[in-house]
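This report introduces one protein structure to a reader who has not met it before. The surface is treated first, followed by strand pairing and charged contacts.

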Amino acid sequence: DVGRVVAGSPTGRLSWFDEATGELLFQAQQSVLRFRAMSMRPNTRELFAVNFHGNVSVWDAERGDGTVLTGHEHWINALAVSPGGGTLVSGDWAGSIRVWDAETGDQLAAYSVPPSGYEYTTITDLDVSDDGARLAVVHGGGWTTPHHVEIRDLRTGTLLERVATID
C-alpha cells in the first residue's frame with residue numbers, strides 16, 4: 001500500500017526498497033539473529049517482525065523507526081495480523097500465544113496451548129478469522145511429531161474445535 005518492499009536478513013537487518021524502482025531506501029538493524037516471521041499491518045505503513053529474542057518489533061515502513069513489544073519468554077515462531085489490522089497475534093516454541101492491540105501495542109490476552117502428549121508444544125502457524133473473533137492455531141511437540149490444527153477463541157484461548165491432526 002505504501003510502495004515499499006521489506007526484506008529481512010539472516011543477520012537481523014531490515015531493508016526497505018522502493019517497489020517501483022527497486023532502490024534501497026534505508027536499512028535498520030533489529031538484532032543479530034535471523035527473523036522468524038514478518039507481516040505488514042493492512043492499510044498502514046507498519047511492519048511487524050519477530051526473531052529469536054521473543055520480542056515483536058513494530059516498524060514504520062516510511063521512516064524506518066520502530067518500537068518493541070515484550071511478553072514472550074521464548075522464541076517466537078508465528079505471527080498473524082487480523083484482516084482489519086487492529087489485532088496482532090504471536091506464538092512461540094513453548095506454546096504461548098499473545099494477543100496485542102496493533103494500534104497501541106497493549107497486550108490484550110496471553111494464554112498457552114497445552115501439550116498434546118509431549119512435554120511441550122510449539123506454535124508453528126497462526127491465522128485470525130475475518131471477523132477477528134477466532135484464531136486458527138497449528139501446533140505440535142516438535143518438527144517431526146504430529147501437529148494439530150485447532151480453532152480457538154482469540155481473546156480467551158478456549159478450544160472451539162480440533163480441525164485436524166497432521167502426521
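In this predicted model, W75, W93 and Y120 make a nonpolar surface patch of about 300 Å². Y120 lies in the loop between β11 (107-112) and β12. Because its relative accessible area is 32%, Y120 counts as partly exposed.

The strand that follows this loop, β12, belongs to an open sheet of four strands, arranged in the order β12-β13-β14-β15 with antiparallel pairing. β12 (122-128) and β15 (159-166) are the edge strands, each pairing on one side only. From one strand to the next, the twist averages 20 degrees. β12 and β13 (residues 134-140) run antiparallel and are joined by six bridges. Among the paired residues, D127 has A136 in β13 as its bridge partner.

The structure also holds three salt bridges, which are set out below.

| Salt bridge | Closest N and O atoms |
|---|---|
| D131 and R134 | 2.9 Å |
| E150 and R152 | 2.8 Å |
| E150 and R162 | 2.6 Å |

The pair of E150 and R162 links distant parts of the chain: E150 is in strand β14 (residues 147-153) and R162 in strand β15, 12 residues apart. Salt bridges with shared partners join E150, R152 and R162 into one network. How buried or exposed are the residues of these contacts? E150 and R152 are both buried; for E150, the relative accessible area is 1%. R162, by contrast, is partly exposed, with a relative accessible area of 41%. R134, the partner of D131, is likewise partly exposed, at 35% relative accessible area.

Key. Residues are numbered from 1 along each chain as its sequence is written. This is a predicted model: local features need pLDDT of at least 70, side-chain atom pairs count only at pLDDT 80 or more; totals for chains, interfaces and linings use all residues. Side-chain values use heavy atoms; hydrogens and water are left out. Two strands pair if DSSP finds at least two bridges between them. Helices (H or I, at least four residues) and strands (E, at least two) are DSSP runs, numbered from the N terminus. Axes are lines fitted to C-alpha atoms, for helices over the stretch in contact, and angles run from 0 to 180 degrees between N-to-C directions. Patches are made of residues with over 30% relative accessible area and no salt bridge: like charges are joined within 9 Å, nonpolar side chains (Val, Leu, Ile, Met, Phe, Trp, Tyr) within 5 Å. Accessible areas come from the Shrake-Rupley method with a 1.4 Å probe; for residues, only the protein chains shown count as cover. A salt bridge is a side-chain nitrogen of Lys or Arg within 4 Å of a carboxyl oxygen of Asp or Glu. Buried means under 20% relative accessible area, exposed over 50%, partly exposed in between (1.4 Å probe, protein chains only).
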